[in-house]
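Subject: Handover of the model and notes on what was found

Dear colleague,

I am passing the structure on to you with this message, and I would be grateful if you kept it open while reading the notes below.

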Amino acid sequence: MTTFGIEEEFLLIDRETQLPATPAPQQAEALLEITAGGGKATPEWLTCQLEHTSPIYSDAAMALDSLLSFRRELASVTGSMGFDAAAVGTAPDIALAAAQITPGERYHQLAGMTPAIAADQYLNGMHVHIGLDSLEDGVRVLNGLRPWLPLVVALGANSPMWRGADSGFASWRSIHYRRWMANGIPPQYENLADYQARLDALLHFDVVESPSTLAWLTRISFAHGTIEIRACDVQLEASDAVVIALFIRALSRMALDTPVVTQIQPEVLEISVWQSAKFGLSGSQLDPTTSTQKPAADLIHETLERLQPYFEGPEDEAVVRRGLDRMLSHGTGAERQRRAMQDGGLKGLLTHAYSSLTAHPDH
């Protein structure tokens, strides 16, 4: 059984101003005490953000119950403070003043090195962790996932709004994040020693504070003994987060079983990620098996057939198929945000985001 975990970053929004909120110190402490779902609440870079690190999951039902438990408690606690929590990849609107940095030496060191980035880093991601038997396996998974990352970016697109208007991108977070010194598709590695040597070389640069500063879309998490996939925006609904995580788990299992043979040029993968950030599932996608472009729906259906042996049982596969069919018919989070904005403006978008936070797929 391949285990997985999910990290989600949430935005706290002031009900009166509809802008990112600034909790008082005692409120911030109360938020960090949320333990529902068996995970852990931790600070993020900005005071208006909160991260949830899940426990280790083995199946879809366990993951959905845990994520929804945390989200419900988060909604309750923030509501008592006059805030709301939203699972949106970017803050739909922000104040003119620079963002407020969470207290702590590391966050302030980063902000001091990158003040113009810190000023508007209102970005919320979903990071999926896949359990490994060994770090050597991790390198094989990294290599095997590289050509599939553009599709994962498209599936996870949930950040179209920026400064009160449509950014023109399904995942503006993905574009915004490219300002960091190491981002996008990671290199192809020969083995674990090659991975470590490349990492060590980068750590000698003054701008690299730690390995976690290297914000590739996939990387090894030495602390957890996992592969960390960082390609997705946080998801409006917990059910979408679970579907994407299970899809990534199947891709990772396939990568272990089928080593990469055909190399796709790095520049092709990079422009494919940009294309996915622009269009989400409404545009063409790079087919890693043929290096050609095809409609996203076609690639998803073909990939599901390819992944069939790599799901953790029929229920696992059924959850992913139902979830991806729903995304194709109802849209990704980005498309749902755009419809809500069109129907009700910023207030309508935020109302939709708040209700989606605790939505159950069967209700």
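The notes below go through one helix, the aromatic residues, the nonpolar cores and a few single residues.

Please bear in mind throughout that this is a predicted model.

Helix α2

Helix α2 covers residues 60–80, and its 21 residues should span 30 Å at 1.5 Å a residue, which agrees with the 30 Å that separates its end C-alpha atoms. At the N-terminal end, Asp59 acts as the cap of α2, with a side-chain oxygen placed 3.2 Å from the backbone nitrogen of Ala61. After α2 comes Gly82, which has a positive phi, near 85°. The buried residues of α2 include Ala60, Ala63, Leu64, Leu67, Phe70, Arg71, Leu74 and Thr78. An α-helix has 3.6 residues a turn, so residues three or four places apart point the same way. In that light the buried set is worth viewing along the helix, with Ser66, Leu68 and Val77 also among its members.

Aromatic residues

Searching the whole structure gives seven aromatic pairs. One of them joins Phe10 and Phe70, whose ring centres are 6.1 Å apart and whose planes meet at 25°, so the pair is stacked. Because Phe10 belongs to strand β1 (residues 4–14) and Phe70 to helix α2, this pair ties together parts that are 60 residues apart in sequence. Phe10 and Phe70 are both buried.

A further pair is made by Tyr195 and Phe222, and here the centres of the rings are 6.2 Å apart with the planes at 50°, so the pair is tilted. Tyr195 lies in helix α8 (residues 192–203), while Phe222 lies in the loop between β10 (218–221) and β11 (226–233), so parts that are 27 residues apart in sequence are tied together by the pair. As for their surroundings, Tyr195 has a relative accessible area of 3% and is therefore buried, whereas Phe222, at 38% relative accessibility, counts as partly exposed.

Phe169, Trp172 and Trp274 make up one aromatic cluster. The charged end of Lys278 sits over the ring of Phe169, at 5.2 Å from its centre, and the charged end of Lys278 also sits over the ring of Phe279, at 5.9 Å from its centre.

Nonpolar cores

Which residues have the most contacts inside the largest nonpolar core? They are Leu155, Ile229, Phe247 and Leu324, in a core of 66 residues. Helix α9 (residues 238–257) supplies the largest share of this core, namely twelve residues. Apart from this core lies another one, of 34 residues, with Ala86, Ile94, Trp180 and Ala277 among them.

Leaving aside neighbours within four places in sequence, the contacts of Ile229 include Met126, Val128, Ile130, Leu145, Leu149, Leu217 and Ile248, and His127 and Thr218 are also among them. Ser252 is a residue of helix α9 and, at 2% relative accessibility, counts as buried. With its neighbours within four places in sequence again left out, Ser252 is in contact with Ile130, Val141 and Leu145.

Other single residues

Thr2 belongs to the segment before β1 and is buried, with a relative accessible area of 16%. Beyond its neighbours within four places in sequence, Thr2 is in contact with Ile130, Gly131, Arg249, Arg253 and Glu312.

His301 has its place in helix α11 (residues 296–307) and counts as partly exposed at 38% relative accessibility. Leaving aside its neighbours within four places in sequence, His301 touches Asp325 and Leu328, in the sense of being in contact with them. His301 and Tyr57 are 244 residues apart in sequence, and their C-alpha atoms are 26 Å apart in space.

Gln26, finally, is found in helix α1 (residues 25–32), and at 55% relative accessibility Gln26 counts as exposed. Along the chain Gln26 and Ala41 are 15 residues apart, and a separation of 15 Å lies between their C-alpha atoms.

With kind regards

Key. Residues numbered from 1 in each chain as written. Predicted model: local features only at pLDDT ≥ 70, side-chain atom pairs only at ≥ 80, totals over all residues. Heavy atoms only, no water. Helix = DSSP H or I, 4+ residues; strand = E, 2+ residues; numbered from the N terminus. Expected span 1.5 Å × (residues − 1). Buried < 20%, exposed > 50% of the residue type's maximum accessible area, 1.4 Å probe, protein only. Polar contact = N/O pair within 3.5 Å; in protein donor to acceptor, adjacent residues only side chain to side chain. Phe/Tyr/Trp six-rings, centres within 6.5 Å; stacked < 30°, edge-to-face > 60°. Lys NZ or Arg CZ within 6 Å of the ring centre and 35° of its normal. Contact = heavy atoms within 4.5 Å. Core = buried A, V, L, I, M, F, W, Y, C linked by side-chain atoms within 4.5 Å.
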